[in-house]
Amino acid sequence: MFAGHFGVAAVVKSKTPELPLWSLLVCTQLLDIAFIPFNLAGMESIEPIGEGGYAKMMIYAFYTHSFIGAMLLSILAGFLAGGFWGKRSGAIIGAVAFSHWVLDLIVHRPDLPILPGNAGGLPLLGLGLWDFVFVSILIELLLITAGSIFYFSHVLQSSDPTHKGKAILAGCIMTVFLLLSLGIDVFS
């Protein structure tokens, strides 16, 4: 799942207009952003399985995508956001950041550890929805659609006409971006 995470950000933006959209988009991908330096350091990796394509990979993100690692990153994001936008906004940012792990739990094969580094060798988590490609893509498309609908509804209820035009343009760009990222996700 990639684009579906952004759908969550758009839904939350419609309910919390005080938070910048960029902050929600970034925090939905925080675990994957944190994965990059761990991957470059050789501590986490992605390995293809089978014939490539949508979700044909095994992800070994034993630090950034562990349950505890995701909680810590989400708390850190929430704490930082709280310093900028207040306590409530910080809690929302933290929750949205953690939503990444929850969605990954649903789609990933069992590759999500509970403790960082898979300490203790506990069972890996993942419900494996990626094994059902059509259903997985459908859920991602539903998240994108919900995000777009909620976001556009919020924008259309805005009272400032100049803000409305800019927001509609931003919403159109966001929707195209979401659909393109789903297409890249599906056809990669």
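Among the contacts in this predicted model between residues at least 6 apart in sequence, 59% join residues at least 24 apart, and the stops below follow some contacts of helix 1 and of the loop residue Q29.

**The whole chain**

Begin with the whole protein in a cartoon view, where the secondary structure comes to seven helices and two strands, following the pattern α-α-α-β-β-α-α-α-α when read along the sequence. Of the 188 residues of the protein, 44% count as buried. Colour the chain next by pLDDT, which averages 87 over the protein, with 84% of the residues scoring at least 70. Among the elements, the highest mean, 97, belongs to helix 4 (residues 67-85), while helix 7 (residues 161-187) has the lowest, 64.

**Helix 1**

Now select residues 3-15, which form helix 1. How many of the residues of helix 1 are buried? The helix is mostly covered, with 11 of its 13 residues buried, and these are A3, G4, H5, F6, G7, V8, A9, A10, V12, K13 and S14.

**Helix 1 against helix 6**

Add residues 133-156, which make up helix 6, and look along the pair: the two axes come within 7 Å and cross at roughly 25°. Because of that angle, helix 1 counts as roughly parallel to helix 6, and the crossing is left-handed. To see the contact itself, show side chains for A3, G4, G7, V8, A10, V11, K13, S14 and K15 on helix 1, together with E140, L143, I144, A146, G147, F150, Y151 and H154 on helix 6. Sorted by class, this contact of helix 1 with helix 6 has nine nonpolar, five polar and three charged residues.

**Helix 1 against helix 5**

Hide helix 6 and bring up residues 87-107, helix 5, whose axis comes within 10 Å of that of helix 1 and crosses it at roughly 150°. Is helix 1 roughly parallel or roughly antiparallel to helix 5? It is roughly antiparallel, because the angle of roughly 150° lies over the cut-off of 145 degrees, and helix 1 passes helix 5 in a right-handed crossing. From helix 1 the contact takes in G4, H5, V8 and V12, and from helix 5 it takes in I92, V96, S99, H100, L103 and D104. The residues of the contact of helix 1 with helix 5 divide into five nonpolar, four polar and one charged. G4 and V8 can be kept on display from the previous stop, for they are listed in the contact with helix 6 and again in the contact with helix 5.

**V12**

Stay on helix 1 and centre the view on V12, which counts as buried because its relative accessibility is 17%. Leaving out residues up to four places away in sequence, V12 touches L24, I92 and V96, of which I92 and V96 belong to helix 5. For a distance across the chain, pick the C-alpha atoms of V12 and I93: these residues are 81 apart along the chain, and the two atoms are separated by 9.5 Å.

**Q29**

For the final stop, select Q29, in the loop between helix 2 (21-28) and helix 3 (30-40). Is Q29 buried or exposed? With a relative accessibility of 6%, Q29 counts as buried. Beyond its neighbours within four places in sequence, Q29 is in contact with F2, H5, F6 and H100. H5 and F6 are among the buried residues of helix 1, and H5 and H100 both take part in the contact of helix 1 with helix 5.

Definitions and conventions: Residues numbered from 1 in each chain as written. Predicted model: local features only at pLDDT ≥ 70, side-chain atom pairs only at ≥ 80, totals over all residues. Heavy atoms only, no water. Axes fitted to C-alpha atoms, helices over the stretch in contact; angles between N-to-C directions. Helix = DSSP H or I, 4+ residues; strand = E, 2+ residues; numbered from the N terminus. Parallel < 35°, antiparallel > 145°, perpendicular 65-115°, else oblique. Left-handed = near helix turned anticlockwise from the far one by under 90°. Contact = heavy atoms within 4.5 Å. Nonpolar A, V, L, I, M, F, W, Y, C, P; charged D, E, K, R; others polar. pLDDT = per-residue confidence, 0-100. Buried < 20%, exposed > 50% of the residue type's maximum accessible area, 1.4 Å probe, protein only.
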